[in-house]
Amino acid sequence: MPRHLTLSTCVSVPLLLAGSLALTACGGAEEAGRPSGPATSAEVIPGVTVKTDPKLHAGLSAPIRERGVVQVATDVPYPPFEMFTQAGSRQMTGIDYDLGRAIAARLGVTFTFSPQKFDGLLPAVQAGKFDVVMSAMTDKKERQTAVDFVDYLNAGPGWLVKKGNPTGLDEITDVCGKPVGVQSGTNHQQLLKERQATCKAAGRPPIKVLAFAKDSEAQLALRSGRVVADYLDEVTAAWVASTTDDGKTFATVTGDKAVGPHSPSPMGIGISKTDPRLARSVQAALQSLMDDGTYIKILEKYHVPGIAIPKATVNAGL
């Protein structure tokens with residue numbers, strides 16, 4: 001798993017504000033809420049074009065084939081998974097966005113991405129407002145009651161701290177009794193609840209957990225000193241640390257000693273249980289992208305090939 005990310009030479013990033021990148025992407029970013037690419041093929045990243053597989057298109061349910069659009073809910077910003085191309089823009093980019101475009105092109109449909117709050121993503125799918133969730137969501141057994149997951153990545157937790165790690169965060173008990181930030185509704189919030197037992201066993205006061213609707217809000221709390229650290233996935237922590245203020249504001253602390261023990265659990269594309277054919281089609285399309293190298297090229301664009309998994313599994317989370 002990469003511990004530090006560098007920026008691609010084809011991306012210009014002059015500013016990160018509250019977790020929203022001001023950047024010029026290499027291409028492929030389109031306005032949130034609009035179809036993410038043509039129905040027959042798409043250049044998902046520079047030099048990589050994905051063509052439709054007629055057999056996979058035929059395997060989609062009739063309603064999806066007829067409308068040609070899959071409605072996707074996502075929580076923006078959460079770089080490098082989903083971002084706006086610049087502050088104030090509605091154009092999206094990121095790992096999930098590029099991979100979603102690739103899956104859509106392979107299936108011969110378009111993916112329409114719509115920003116939603118993270119803790120409202122699964123309820124929105126259950127209510128029939130969306131077909132799919134792509135938002136760096138951890139595949140957990142309890143979440144599988146709401147959606148079926150096609151697993152596509154694997155990333156562990158990490159801490160975002162101020163540059164120089166002024167509080168000396170080195171092991172998980174160092175945050176006992178201190179305020180830390182986390183995004184509400186995430187697996188990381190649940191992990192922090194589990195860490196309270198570690199503090200109790202060490203004879204220390206509980207962690208003061210402040211949950212925020214967006215991780216960008218937790219970053220602002222860290223910047224202002226309201227919290228001493230932000231608990232999130234280590235890929236996003238590394239991206240934020242390396243891109244905010246040219247790397248002068250934040251740093252990361254990773255590893256089991258610092259984040260606490262955790263069982264590997266993949267991130268999954270959440271798909272409505274009302275359309276099992278869509279789940280099978282997305283799994284087949286993703287596997288084909290893994291097999292032909294498109295999948296790893298997308299991850300390499302964001303300098304995170306280490307989070308790749310070898311097979312597109314279904315509901316493999318813990």
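**Helix packing and two open sheets**

In the predicted model, helices H3 and H10 are roughly antiparallel to each other, because the angle at which they pack is about 155° and angles over 145 degrees count as roughly antiparallel. The axes of H3 and helix H10, the latter comprising residues 294-301, lie 10 Å apart, and H3 passes H10 in a right-handed crossing. The contact is formed on the H3 side by Ile95, Asp98, Leu99 and Ala102, which meet Thr294, Tyr295, Ile298, Leu299 and Lys301 of H10.

An open sheet of 5 strands, with mixed pairing, has the order S9-S6-S10-S17-S11. Its edges are occupied by strand S9 (110-115) and strand S11 (147-154), each of which pairs on one side only. Helix H3 (residues 95-107) packs on this sheet, where H3 touches S9, S11 and S17, and the direction of H3 makes about 155° with that of S9. Within the sheet, strand S10 (residues 132-133) and strand S17 (residues 266-272) are paired in the antiparallel sense over 2 bridges, with Val132 standing opposite Ile271 of S17.

Helix H9 lies across strand S6 (69-74), S10, S11 and S17, and runs at about 15° to S11. For the 17 residues of H9 (residues 276-292), a rise of 1.5 Å a residue predicts a span of 24 Å, and the end C-alpha atoms are 25 Å apart, which agrees with that expectation. Buried positions in H9 are Leu278, Ala279, Ser281, Val282, Ala285, Leu286, Gln287, Ser288, Leu289 and Met290. H9 is followed by Gly293, for which phi is positive, near 95°.

A further open sheet, likewise described by 5 strands and mixed pairing, is arranged in the order S14-S13-S15-S12-S16. Strand S14 (208-212) and strand S16 (250-253) stand at the edges with a single partner strand each, so that one side of each is left without a neighbour in the sheet. From one strand to the next, the twist averages 30°. Strand S12 (residues 157-162) and strand S15 (residues 229-233) run antiparallel and are joined by 4 bridges, and Leu160 is placed opposite Asp230 in S15. Helix H5 (residues 187-201) packs on this sheet, touching S12, strand S13 (179-183), S14 and S15, with its direction making about 120° with that of S15.

Notes: Residues are numbered from 1 along each chain as its sequence is written. This is a predicted model: local features need pLDDT of at least 70, side-chain atom pairs count only at pLDDT 80 or more; totals for chains, interfaces and linings use all residues. Side-chain values use heavy atoms; hydrogens and water are left out. The expected span of a helix is 1.5 Å times one less than its number of residues. Buried means under 20% relative accessible area, exposed over 50%, partly exposed in between (1.4 Å probe, protein chains only). Two strands pair if DSSP finds at least two bridges between them. Contact means heavy atoms within 4.5 Å. Axes are lines fitted to C-alpha atoms, for helices over the stretch in contact, and angles run from 0 to 180 degrees between N-to-C directions. Angles under 35 degrees count as roughly parallel, over 145 as roughly antiparallel, 65 to 115 as roughly perpendicular and the rest as oblique. A crossing is left-handed if the near helix is turned anticlockwise from the far one by less than a right angle, and right-handed if clockwise.
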